[in-house]
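Hi,

Here is the structure I promised to pass on. Have a look at it first, then read my notes underneath.

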Amino acid sequence: FWQQFRACCGKPLLVFLDRLCIAQHDMALKEQGIRGLGSFLEKSQNLTILWSGRYFSRLWCLYELASYLKNEKLQKRHIQI
């Protein structure tokens with residue numbers, strides 16, 4: 001819904017919410033989603049972290065942040081916490 005609404009108001013903005021876009025109910029699907037994070041983050045210019053005290057207790061959150069920071073080709077990368 002958000003993507004369609006944003007497209008009507010101007011330039012489309014693509015948003016990936018890992019908690020919603022990666023299956024939480026099935027471990028096999030969750031693993032596939034986590035393996036795909038690197039490709040998605042490689043094309044991202046911004047990363048917004050919705051911080052909680054448990055953020056780094058989930059290994060895949062640490063992987064997500066490391067994958068985003070790893071790509072040195074993009075100089076203009078931003079992280080919001």
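Ser67 touches Gly38 and Leu41, if you skip residues up to four places away in sequence. This serine lies in helix α5, and it is buried, with a relative accessible area of 14%. The cut-off for buried is under 20%, so Ser67 qualifies. Before you go further, bear in mind that this is a predicted model.

Now for the overall layout. The chain has five helices and two strands, and from the N terminus on the elements run α-α-α-α-β-α-β. Of its 81 residues, 23% count as buried. Taking contacts between residues at least 6 apart in sequence, 50% join residues that are at least 24 apart.

Next, the core. Which residues make up the largest nonpolar core? There are 11 in all: Ile22, Ile34, Leu37, Leu41, Leu47, Ile49, Tyr55, Trp60, Cys61, Leu65 and Tyr68. The elements that give two or more residues to this core are α4 and α5, and α5 gives the most, with four. Leu41, one of the core residues, is also one of the two contacts of Ser67 mentioned above.

Trp60 is worth clicking on. Leaving out neighbours within four places in sequence, Trp60 is in contact with Asp18, Arg19, Ile22, Gln24, Lys30, Ile34 and Leu37. Among these, Ile22, Ile34 and Leu37 belong to the largest nonpolar core, as does Trp60 itself.

You will probably want to know about pockets. The largest one has a volume of about 920 Å³. Of the 26 residues that line this pocket, the closest to its centre are Val15, Phe16, Asn46, Leu47 and Thr48. Leu47 also appears in the largest nonpolar core. Which elements each supply at least two residues of the lining? They are α2 (18-21), α4 (37-42), β1 (46-48) and α5 (59-70). Sorted by class, the lining has 15 nonpolar, six polar and five charged residues.

On to the aromatics. The count comes to three aromatic pairs. One of them is Trp51 with Phe56, an edge-to-face pair at 5.3 Å centre to centre, with 70° between the planes. The label edge-to-face applies because the angle between the planes is over 60 degrees. Are the two partners buried, exposed or partly exposed? Trp51 is partly exposed, with a relative accessible area of 47%, and Phe56 is partly exposed too, at 43%. Ring pairs link Trp51, Tyr55 and Phe56 into a cluster, and Tyr55 is also listed in the largest nonpolar core.

Finally, a couple of loop residues. Ser52 is found in the loop between β1 and α5 and counts as partly exposed, at 28% relative accessibility. The C-alpha atoms of Ser52 and Ile81 are separated by 10.0 Å, although the two residues are 29 apart along the chain. Leu17 has its place in the loop between α1 (2-9) and α2, and counts as partly exposed at 41% relative accessibility. What separates Leu17 from Leu50 in sequence and in space? They are 33 residues apart in sequence and 10.0 Å apart in space, C-alpha to C-alpha.

Cheers

How values were computed:
Residues numbered from 1 in each chain as written. Predicted model: local features only at pLDDT ≥ 70, side-chain atom pairs only at ≥ 80, totals over all residues. Heavy atoms only, no water. 1 Å grid on protein atoms, 1.4 Å probe; cavity = no way out; pocket = protein on both sides within 12 Å on 5 of 7 lines; lining within 4 Å. Points joined across faces, edges and corners; volume = space filled by probe spheres on them. Nonpolar A, V, L, I, M, F, W, Y, C, P; charged D, E, K, R; others polar. Core = buried A, V, L, I, M, F, W, Y, C linked by side-chain atoms within 4.5 Å. Buried < 20%, exposed > 50% of the residue type's maximum accessible area, 1.4 Å probe, protein only. Contact = heavy atoms within 4.5 Å. Phe/Tyr/Trp six-rings, centres within 6.5 Å; stacked < 30°, edge-to-face > 60°.
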